Structure formats: C-alpha cells, structure tokens
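Here is a friendly walk through one model, taking in a sheet, two helices and the confidence values. Please have the sequence and the 3D view open as you read.

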Amino acid sequence: MKRKILVLFLLSLILSLPLSAAKAGGTFESGKGTFLLNGKPFVVKAAEIHYARIPQEYWEHRIQMCKALGMNTMCIYIFWNFHEQKEGVFDFTGNKDIAKFCRLAQKNGMYVIVRPGPYVCAEWEMGGLPWWLLKKTDIKLRTQDPYFMERVKIFEQKVGEQLAPLTIQNGGPIIMVQVENEYGSYDTNKPYVSEIRDCLRSVGFDKVQLFQCDWSSNFQQNALPDLLWTMNFGAGANVLEQFKKVKELRPDAPMMCSEYWSGWFDGWGRAHETRSAETMVNGIKTMLENNISFSLYMTHGGTSFGQWAGANVPGYDPDCTSYDYDAPIDEQGATTEKYYQLRELLQKYSDVKFPAVPKAKPIIEIPEVKFSEMAPLLRAGNMPEAQKSHDIKSMELFDQGYGSIMYSTTLPAIKAGALIQIRNMNDYGIVMIDGKQIGQLYRGNKAENTLRIPTDVKAGAQLDIFIEAMGRINYSKQIKDFKGITEGVEVYTTDGKNELTYNLKDWEVRLFPVSQDYNALNYIPTVADMKMPAYYRSSFNLSKVGDTYLDMSTWGKGMVWINGHNLGRFWKVGPQQTLYVPGCWLKKGKNEIVILDITGPSKTSVKGLKKPVITELHRDLMPKDAVKGDNLKKALSSRTNESPSTTNGGLGNDAAPGAK
C-alpha cells in the first residue's frame, strides 16, 4: 500500500509540472573553441531555407533534402510582415505555422537556428518590416523610436509564444536565436541592439544561445560583450581572414559563419547570377578543417510568391520572383551539381552514413491555355470609387500596402512639347491624358521620371497616372520606402515668352490592392493588343498534378494567380521568363488561372514547362524617360532665356514653390 501511495504521489507531482519541465531538456552552449551540445563538441552545419518561400506541403521534403545533404541544423528567418500584415492581427497558421516547421525539423533529426529580426533583409519586401509602419511618416526604423520599439516588442512576444517552448532547454530543436541582423551595415547603435537582445530574452529566449551576425569589417560597431559574434561572407572569400579579428578578440570562442552565401539573387533587368560549386565547396572544406561552424545561405532558396520579393540598392533594383539563388537545391526542390559535390565533402567529415536523397517532386507540362475573357481595370464598372486629396500622397497614407494606385486630375491648356514630371514616383508608372497613354516611366532608370506631352492639351483634360508598386527596398537606410507618388506632379511649359510651372493639385485617387477580388470584375471578350491594365481569366484541366513552370514570355508585366494562389511577379525584361507553380497548388480536373498584366501581352496564352527560363534578359524593353537629368531644364530653356514664372494653373489654391 505504501508503495502504491508513493507511486501515485510521484505521478501526481510529475503531472503537476509545466510541460516544458516534464520534457527531457538539453543544452547547447559555447565551449572553449567549440560549441557544446549536451556537453559534447558540436559543429553546426546549418541549411538556411525560408518557410515563407516554400508551400507548407513541401516543408518536410525540403528538410529531408537538407538532412540527406549532410546538414544537422535548419536555419530560418521569421518574417514580421508575413505574420502581421495588418497592425495587431497576427497569423501563425498554415504556411505561417513556424512552430510546425520547427517540429518537422526535430522529427527529422535536425536542430533549428531562429532569426526573428525584427529586420531580416533576405531580399524580402522591406526587409521583413511591415508596410503599415510607414503610416507614421516620421518613424525612425531600426532605432529606439518609441512606436517602432512598441510594435517590435509586441511582435517578438508573439514569436516567443510560438517558439520559446521549442528551445533545446525545453526539449525542442532550437539551439540558437539571432539578435537583429547585420546591423553594422545599417548604423552604429548599441543601445538599440541591446534593447532587441533584452526583448528576446524577455519573451522566453533567456536560456538559449543568443548571437549577432555582421561582416568582419564592421562587427565591432555593435558587438555586445554577452553575445556570440558570428561572421557573414560568401563563396570565394578568404575564410580564415574573415575570422582573424574576432579570433584576436575572443581566442577561445567558437567560430561560426552564420551566412555563407552559396550563390546570389537575381534582379529584374540584370543578368542571372551564378557562383561555382568548386568555390563554394572549398570554402566549406576550409571551415570544417578548422572546426568552424557554418550556415549555408541559401541551401534552398525557393520562391518569393505574391508581393514578397523586395528590392536592392544602389538606386532601385527590384528582386525577381524566383529565389533560386543558384543554391544546391533548386527552386523546385531538385538536386544540382552543387548538391552532390557538397554532399560528397560533408560525408567525408561524418562518421554517420547520410540517408538517401529524397526524390524530387514530379514535374509536368501543361498544354497551351488560351484566354478568351478579360476585365480592363480602368473601364467603368471595374474602377474603384475615388477618394479626394488636395495634395499628392503616398499609397500608405490611403491605407494600402501592396498593389497599384491611380492619381487623376485635370490639366490647364498646354501646348505640345510641354514636359510632365512626377517627383518621387515609386515604382512603375503609366501616364495617360484623356484615356490615351503618352508614356511609361520606371523608377529604376535613375532618371527624372519626365515625359514630353506630344500634342496640344485643352483646359480640363484629364491626367491619369497609374502606379504599380513593386517590392520595397530591403537593404540599407532606404528601407523606408513609400509607394505611389510622394512629392508632386508638375507640368513645365512656356507661353512663348516665359517658362511656366504648374504644380498640380486636387487629385482623385483610386486603389487597386493586390488582394482585389478579380472574380467580382466585369469581364468582356479578350481584345487584341490591349496595352492598358487588365485581368485575363481562363481555366485548364489536368488528369495528373505536378510542379511546372508557367511560360510568361509573351506577357508584359504583372502577377499570376492559380486556384487563388499568387505565384508572384513577372516582367518581360527578364532574366526570369517563367513562374514556378507548385504541384500542391494544382488539382485534378479544372484549375483557374488569372493574370493581371498592366502593360499588355503580345499573345494571350500560357503553357507549363518542365524547366525554368531564368537567363533570358531583355533590358531594351524597359521604359525610358523622354527627358533625362539636366536635359529637363535645357529642353525648355532652348525656347526662351527669360526667367520662369510659377502658377497653379487654376487647379488648386497652392502655387508651386518655384520652377525647376
């Protein structure tokens, strides 16, 4: 009886403990010159992949691919704007279920490194920061700005609720958590970095190994004494030289490359990027020989579906939808030559035989699909209601983060040859007068966003400027990247004697969100050579499903949805001419496909290919300003040498501050 009472007492004691205490916890810490996993030396061989760039149905397959490669850890960013798309509304379900991803990693014998930002870069829209922060126009991003830090702490608390129970100390797979991200390339601000560190500790990451990453050239700017310091660099770098300074400062600390770049990302209008397998493998070999841990960025890049591809600098350099990255595992999840060369190397440094490489997902072709109906976006019945605005304002101030916006006003009487300039136009503009297109403008041209008005314009003619927002800049202090038009629109002309500047006011603004219900629009039979924004809708039947690559080479610029899934952006300038379609988003029988093309296709059909086209560049197809740079003033001054005057042309009560 006493024995039964004792057993029952012990059982009730165990059941009364918190779940985390009842689990068999482990340890991961920095030892002398090495990491210690449960007290034993451990070299981190991490594979970075991004759950947001892979359909949830394929997560486990990609994890198993990394396991078979010889990796022992998965590394993931947490994308703030992916989880809090509307302020205060959080989503950690479906493709956003980060806890599920970590449990799948643990199920397959992998540890996890978590990088929760708040900023992540990653060629991701605004570096992972949510667009709605910009509704507070004076916000100072990545600083101790009170509003910014308030929202950061709320978000990280939500991340902690999801992932803190999964640290190794609680029996989970998470062994390391990163504090901020490459902050040395942004600023020097140790108090801010310290507050992010304290925030992460407060949300449940108080026992797990915290670290900060930077470059060998700038890591000391923000290095905190109680954090592990790791380096980021790419294939081809002198590995030992990258660790020289940190080794001098911390001779007994474990060394780690937290981002070893396997390849590089592509941008619209730039040639496809590659890096050699031999160079990548040699760098990892050097690290293994010197007991240096690493995380391979990327091991599998995936796809920036929807609106999530960001933009780089200098200037404005938007990223392609494909995030193939020339990584060992390609965009579709298949092996490459890099994969097998790296697997061979890692096997030499392992006493355990690697599991067999999982088969790639099946891939299919789709016969040509023709589009017989379209919904012109700027026709009556499809136009959203207008909002009034005396001054020009950015898209964010109309409470829209992604998609397109159109600004409309009336013009004064203008002679042919006048110039129209859109100041700070982000990112792609179609300019129309009385419904007739006079030109297209692109922010990435580094020009003045200026067009010449080809004909005389009567007073009261309508000016429409349709702006497509592309990805927000994801790197540098330019991440504070407003969309639409942020400064103003001016017309430069002459009365024959004087130069005149009209500062246009009193706008009607219409919003076209990326989440627009395209099936609620009015469709008509497809019109050939439509060079205005329109949705095109069709369907196709499949007897079997599989991954495919949608051939977009005859289309202009826009986005594609299949069965409601946004595949991302296409643009005829390349180098990417196809869009990856995961087979798990297709179904046997009827499938719906909708294409938004803002510039118009040359042929209204698509087909599914077995291989991607990501190397076909057509820079000549980019729009070009009619007038560039200092030619603007010269274009008008050639008519008169008199000083310019300024007027608002009767279009509002505000005169422009002066002529250019």
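Which residue in E33 is the bridge partner of Ile 366? The partner is Gly 608. Before going on, note that this is a predicted model, in which local features need pLDDT of at least 70, side-chain atom pairs count only at pLDDT 80 or more, and totals for chains, interfaces and linings use all residues. Residues are numbered from 1 along each chain as its sequence is written, and side-chain values use heavy atoms, leaving out hydrogens and water.

**The sheet**

E14 and E33 (residues 605-609) are joined in the antiparallel sense by 3 bridges; strands count as paired if DSSP finds at least two bridges between them. Strands (E, at least two residues) and helices (H or I, at least four) are DSSP runs, numbered from the N terminus. The pair belongs to an open, antiparallel sheet of 4 strands in the order E14-E33-E28-E31. Strand E14 (366-370) and strand E31 (578-581) are at the edges with a single partner strand each, so one side of each has no neighbour in the sheet. From one strand to the next, the twist averages 25°, taken between lines fitted to C-alpha atoms, with angles from 0 to 180 degrees between N-to-C directions.

**Two helices**

Buried here means under 20% relative accessible area, with a 1.4 Å probe and protein chains only. Contact means heavy atoms within 4.5 Å.

| Helix | Buried residues | Positive phi after the helix |
|---|---|---|
| H5 (residues 98-107) | Ile 98, Ala 99, Phe 101, Cys 102, Leu 104 and Ala 105 | Gly 109, about 75° |
| H10 (residues 277-289) | Ala 277, Met 280, Val 281, Gly 283, Ile 284, Met 287 and Leu 288 | Asn 291, near 60° |

The buried residues of H10 lie on the same side of H10, because they cover an arc of only 160° around the axis, judged by the directions from the helix axis to the C-beta atoms. Their cover includes strand E9 (228-234), strand E10 (256-261) and helix H11 (337-348). H10 has 13 residues and spans 18 Å from first to last C-alpha, close to the 18 Å expected at 1.5 Å a residue; the expected span is 1.5 Å times one less than the number of residues.

For H5, the buried residues pack against elements including helix H3 (59-69), strand E5 (73-77) and helix H6 (146-163).

**Confidence**

The protein has a mean pLDDT of 92, and 92% of its residues reach 70 or more; pLDDT is the predictor's confidence in each residue, from 0 to 100. Over residues 5-22 the pLDDT is below 50, and this stretch has 1 contact beyond near neighbours in sequence. Residues 638-660 are also below 50, with 58 such contacts in the model. Where pLDDT is low, predicted coordinates should not be read in detail.

Methods: Buried means under 20% relative accessible area, exposed over 50%, partly exposed in between (1.4 Å probe, protein chains only).
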